[in-house]
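Colleague: Could you walk me through how to read a few features of a protein model? I work at the bench, so plain words are welcome.

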Amino acid sequence: MPSYEGLITETVRFRGHNGDLTEGYCARPAKGARVGGVLVLHHILGWDEWTTEVVRKFAHNGFAAIAPNLFFRFGEGSSDDVAARARPQGGASDAEVIGDSVGAISYLREQANANGKIGVIGFCSGGRHTYLAGCTIPNLQAAVDCWGGGVVVNDPSALTPKRPVAPIDLTATMTAPLLGIFGNDDMNPSRADVDKTEAKLKELGKSYEFHRYDGAGHGFFNTAGPAHRPQQALDAWTKVMAFYNKHLGTPTTAGAR
């Protein structure tokens, strides 16, 4: 895909969990090539401007991408205000996130430019949701967990009706290849938690690759936050795009399947 192709961006509506009408920010290359799709699961800070930048980044690199608003059930307002209401209530439930994700994936696959292959990526809480999606949503071709805290649950009392299971306990049902991106200065997930996740993936013979970065902590991709680490982020983004090019395919000519 040549650099600097035109993009089409829009906020779209689709049916999510329990048939709820929800919204997502979507971007795709303007030309009519068949492309892979990427589901972007936002962080605990909500459906914010940085999330829309990530969606456009994928479109710029030749994919169709969508980021569902996982906090829409907490009312209207700025992303900061909505996230401030969502966090004390534990955010969206796992069931809501997976239901909304399935709806967003269906939306991507229904588009005329879709090649049918879907990857998912998530950051922070979205990284945990990515791991969960990789274990529960069938027919995903690739998953990227960016510093997902809570994949490992060391204290069973941390499980709640909204989050009734530790995603690591579902690893046996993971079918999509997994890429993990982590900062070694992060406390959630800690290095020990990442070690436990890698050990479980290895034990079960799953297809995965983990990359860990010194001098980086939680959220080091986020250009809008103080944790941003440009050098580490550049290297990690290169690995993310190569992973998706491998598993989702490069754009083909219009009309091809």
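**Cavities, helix contacts and two backbone details**

Modeller: Gladly! Let me begin with one enclosed space: β5 gives the most to the lining of the second largest cavity, with four residues. Please keep in mind that this is a predicted model.

Colleague: Which elements each supply at least two residues of that lining of the second largest cavity?

Modeller: They are β3 (35-41), α3 (94-110) and β5 (114-123). The full lining is V35, G36, G37, A64, L108, R109, Q111, N113, A114, G116, K117 and I118. Sorted by class, five of these lining residues are nonpolar, five polar and two charged. The space in this second largest cavity is about 50 Å³.

Colleague: How many cavities of 30 Å³ or more are there?

Modeller: The count comes to three. In the largest cavity there is about 60 Å³ of space.

Colleague: What lines the largest cavity?

Modeller: Its lining takes in D145, G148, G149, G150, V151 and V152, together with F182, P189, D193, V194 and T197. Helix α5 (residues 191-203) gives the most here, with three residues. By class, the lining of the largest cavity has five nonpolar, four polar and two charged residues.

Colleague: P189 is in that list. Where does P189 lie in the chain?

Modeller: P189 sits in the loop between β7 (178-183) and α5. Look at the backbone there too: the peptide bond from N188 to P189 is cis, with omega near 15°. So P189 is worth finding in your viewer for two reasons: P189 helps line the largest cavity, and P189 follows a cis peptide bond.

Colleague: Now to helix packing. At what angle do α3 and α4 pack?

Modeller: For a helix pair, look at the angle, then the handedness, then the residues that touch. Helix α4 covers residues 125-136, and α3 packs with α4 at an angle of about 70°, their axes being 10 Å apart. Angles of 65 to 115 degrees count as roughly perpendicular, and that makes α3 roughly perpendicular to α4. The crossing of α3 past α4 is right-handed.

Colleague: Which residues of α3 and α4 meet?

Modeller: From α3 come D94, V97 and I98, and they meet R128, H129, L132, A133 and T136 of α4. This contact of α3 with α4 divides into four nonpolar, two polar and two charged residues.

Colleague: May I try the next pair, α1 and α6? How far apart are their axes?

Modeller: The axes are 12 Å apart, and helix α1 (residues 49-60) packs with helix α6 (residues 230-248) at an angle of about 55°. These two helices are therefore oblique to each other. The crossing of α1 and α6 is right-handed.

Colleague: And which residues make the contact of α1 with α6?

Modeller: On the α1 side they are V54, K57 and F58, and on the α6 side W237, V240, M241 and Y244. By class, this contact of α1 with α6 has six nonpolar residues, one charged and no polar ones.

Colleague: One last backbone detail, please. What is the sign of phi at N18, positive or negative?

Modeller: N18 has a positive phi of about 60°, although N18 is not a glycine. You will find N18 in the loop between β1 (7-15) and β2 (21-29).

Conventions:
Residues numbered from 1 in each chain as written. Predicted model: local features only at pLDDT ≥ 70, side-chain atom pairs only at ≥ 80, totals over all residues. Heavy atoms only, no water. Axes fitted to C-alpha atoms, helices over the stretch in contact; angles between N-to-C directions. Parallel < 35°, antiparallel > 145°, perpendicular 65-115°, else oblique. Left-handed = near helix turned anticlockwise from the far one by under 90°. Contact = heavy atoms within 4.5 Å. Nonpolar A, V, L, I, M, F, W, Y, C, P; charged D, E, K, R; others polar. 1 Å grid on protein atoms, 1.4 Å probe; cavity = no way out; pocket = protein on both sides within 12 Å on 5 of 7 lines; lining within 4 Å. Points joined across faces, edges and corners; volume = space filled by probe spheres on them.
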